[in-house]
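Thanks for making the time this morning. I would like to walk through one chain with you, moving from the packing inside to the charged pairs and then to the surface.

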Amino acid sequence: MTDNTSDIRPAAPPDASGGASPAPSVPPSRPEVSSKPPRARSVSSTLIAALVIVALLAIALGGALWAQRREFRAAGQEVASRLDQMNRELSQARQEGRQALALAQAQTNQVADLEGRIREVQTQNSALQQAWQTFSSGASDEILVNDVDRMITLASQQLRLAGDVNNAIVALETAQSRLAQADRPRLAGLQQSINGDLDRLRAVTTVDIPAQSARIERLVALVGRAPLLVPDDAAPLARPGQSRPEAAQPAPPPVDPTADLPADAPWWQRWRAEVESWPGRAGQAVAHELGDLIRVQRVDEPSALLLSPEQATMVRSTLRQRLLTVQLAMLMRQQPVWKTELDNVQDTLARYFDERSQDTMAARTLARELSQVEIAVRVPDVSDSLSTIAALRAAGSKAEGQD
C-alpha cells in the first residue's frame, strides 16, 4: 500500500490582534490513491458466508424434514397395525356375539318348551285334583268304613300285643282325621266313639322306658365293679385275705415314748422310756401284719368262699344275662318276669358279693327300687269303636238285604 504524505510546513505566526492567521491553501504534492478494491473483497466474503449459512440451514431443514417423514411413516405403520388388530378383534367380537345370540335363542326356545311343559303339568295336576275331589266326594261309605276299621284294628293290636299306647293313639287320630275330612253325617256316631277311646288312652299313665333303661344300665355297671367275696378278674384283690384293695388298714402312727418326760429329763430316763416302749411297738407291728393275713367275717353262704376265679366270672355273666332279661320284660310289659329276675339279682348280690363295698350296697338298693316299679300298666281297649263299626256293617248289610 502507498502512504500518502504531505509537505510539512511551519505554522504562521500569530497576528498582532492575538488571533491565528489563516493558513494558505497548498495543493497536495501527489494525488490520493482510491479504496474500492478492499470494499469488493469484503462484500464477496459476506456473500460466501451467507451462502454457507443458507446451505447449512438447508441441510438442517432437510435433515429435520427427513426425520419427521421417517417418524410419520413409523407412526403410520403403527396406526395401520393397530387398525388391523382392531379389525381382527372386531371380527372376533362379532363372531362371539353371533354365537351368544344363537345360544340365547336356543335357551329361549328351551325356556319356552319348559314353560309349555309346566303348563301341561299344571293342567294335569288340576285334572288329578279335580278327579280326586270327585272320587273323595263320591266315594261310598263302605270304603270309608273299611279304611277306618283297618286303623281301629291296628290300634287294638298295638294295645293287646305290645301295650303301646302311643301307637294306638296315632292310629285312632288318623281315623278321626279321615272321618273329619269325609264329613259323613251317617258316621257321626263312629266319630264320637273314636273320640271317647282317644280320651281314655290319653289319660293312661305310661312307663318311662328310657329312664328305666338308664337305671338298668347303671345297675349293670355296678355289678361289673362290685367286689366278690373271692378275687376274680373283674375286681381282683390286693393280696390274699383282703376283700378289696381298699380293705388294707394303714399302719398305726409311731408313738414317741419320751413325749411324757419333761424337756430337761436326763438321758438315762429317755433311754429307759425308749427300751420300755419296745415290747408295745413290736406287739402293734405283729398285730398289724397278722391283721392283713387273717380276716374274720360272717358269711351266710360258705360255698361263696370256695368259688374259683372262673366261677366268679360266671357269676357276673349270669347277673348280666338276668339284667338283660329284666330289660326285655320291661319292653314286653311282663311284670312277673320283671320282679322275679330282679329278686334273683338281689339274692345273688347278697350271697356272693362283699356287702361292705359301696358298689354292692348301691347295686342292691337300685335292684330293690326297680323291683317295686309297676311296668304292667293296665291299658283300656277300643271296644266302643269296634262295636260301632260292627253296628254300621250290620246296618249296611240289612239295608242291602232289603233292597
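Let me begin with L219, which, once its neighbours within four places in sequence are set aside, is in contact with L323, L342, A363, L366, A367 and L370. Please keep in mind throughout that this is a predicted model. L219 also belongs to the largest nonpolar core, a set of 28 residues in which L219, W338, L349, F353 and L370 touch the most other members. The elements that give two or more residues to this core are α5 (209–225), α8 (309–331), α9 (335–352) and α10 (358–371), and of these it is α8 that gives the most, with seven residues. Apart from this core lies another one, of 24 residues, which includes A171, A175, V382 and I389.

Stepping back to the whole chain, the secondary structure comes to 11 helices and zero strands. Buried residues make up 22% of the 403 residues, and the chain exposes about 28800 Å², of which carbon and sulfur atoms supply 57%. If we take the contacts between residues at least 6 apart in sequence, 74% of them join residues at least 24 apart.

Now to the charged pairs. How many salt bridges does the structure hold? There are 14 salt bridges in the structure, and I have picked out three of them for today.

The first on my list is R82 with E78, where the closest N and O atoms are 2.8 Å apart; both residues lie in helix α1, four residues apart, which is about one turn of the helix. E78 counts as partly exposed, because its relative accessibility is 41%, a value that falls between the 20% and 50% limits.

The next pair is D147 and R150, with the closest N and O atoms again given as 2.8 Å apart. Because they are three residues apart in helix α2 (residues 141–162), D147 and R150 are separated by about one helical turn. R150 counts as exposed, at 54% relative accessibility.

The last pair joins two helices: the side chains of E173 and R202 meet in a salt bridge at 2.7 Å, N to O. E173 lies in helix α3 (residues 165–182) and R202 in helix α4 (residues 188–202), so this pair ties together parts that are 29 residues apart in sequence. Both ends are partly exposed, E173 with a relative accessible area of 34% and R202 at 46% relative accessibility. I should add that salt bridges sharing partners join D147, R150 and R178 into one network.

Finally, the surface. Which residues make the nonpolar surface patch of about 410 Å²? They are I48, V52, L56 and I59. L56 has its place in helix α1 (residues 36–138), and L56 is exposed, with a relative accessible area of 53%.

There is also a record to set beside this patch: UniProt, in an unreviewed entry, lists residues 47–67 as a "transmembrane region". In the model, residues 47–67 are 100% helix and 0% strand, with the end C-alpha atoms 30 Å apart. I would keep the two sources separate in our discussion, since the label comes from the UniProt entry, whereas the helix content and the distance are computed from the predicted model.

Definitions and conventions
Residues numbered from 1 in each chain as written. Predicted model: local features only at pLDDT ≥ 70, side-chain atom pairs only at ≥ 80, totals over all residues. Heavy atoms only, no water. Patch = residues over 30% accessible without salt bridge, like charges linked within 9 Å, V, L, I, M, F, W, Y side chains within 5 Å. Areas by Shrake-Rupley, 256 points an atom, 1.4 Å probe, with all protein chains shown as cover. Salt bridge = Lys/Arg side-chain N within 4 Å of Asp/Glu carboxyl O. Buried < 20%, exposed > 50% of the residue type's maximum accessible area, 1.4 Å probe, protein only. Contact = heavy atoms within 4.5 Å. UniProt positions renumbered as here; feature names shortened; annotations may be inferred. Core = buried A, V, L, I, M, F, W, Y, C linked by side-chain atoms within 4.5 Å.
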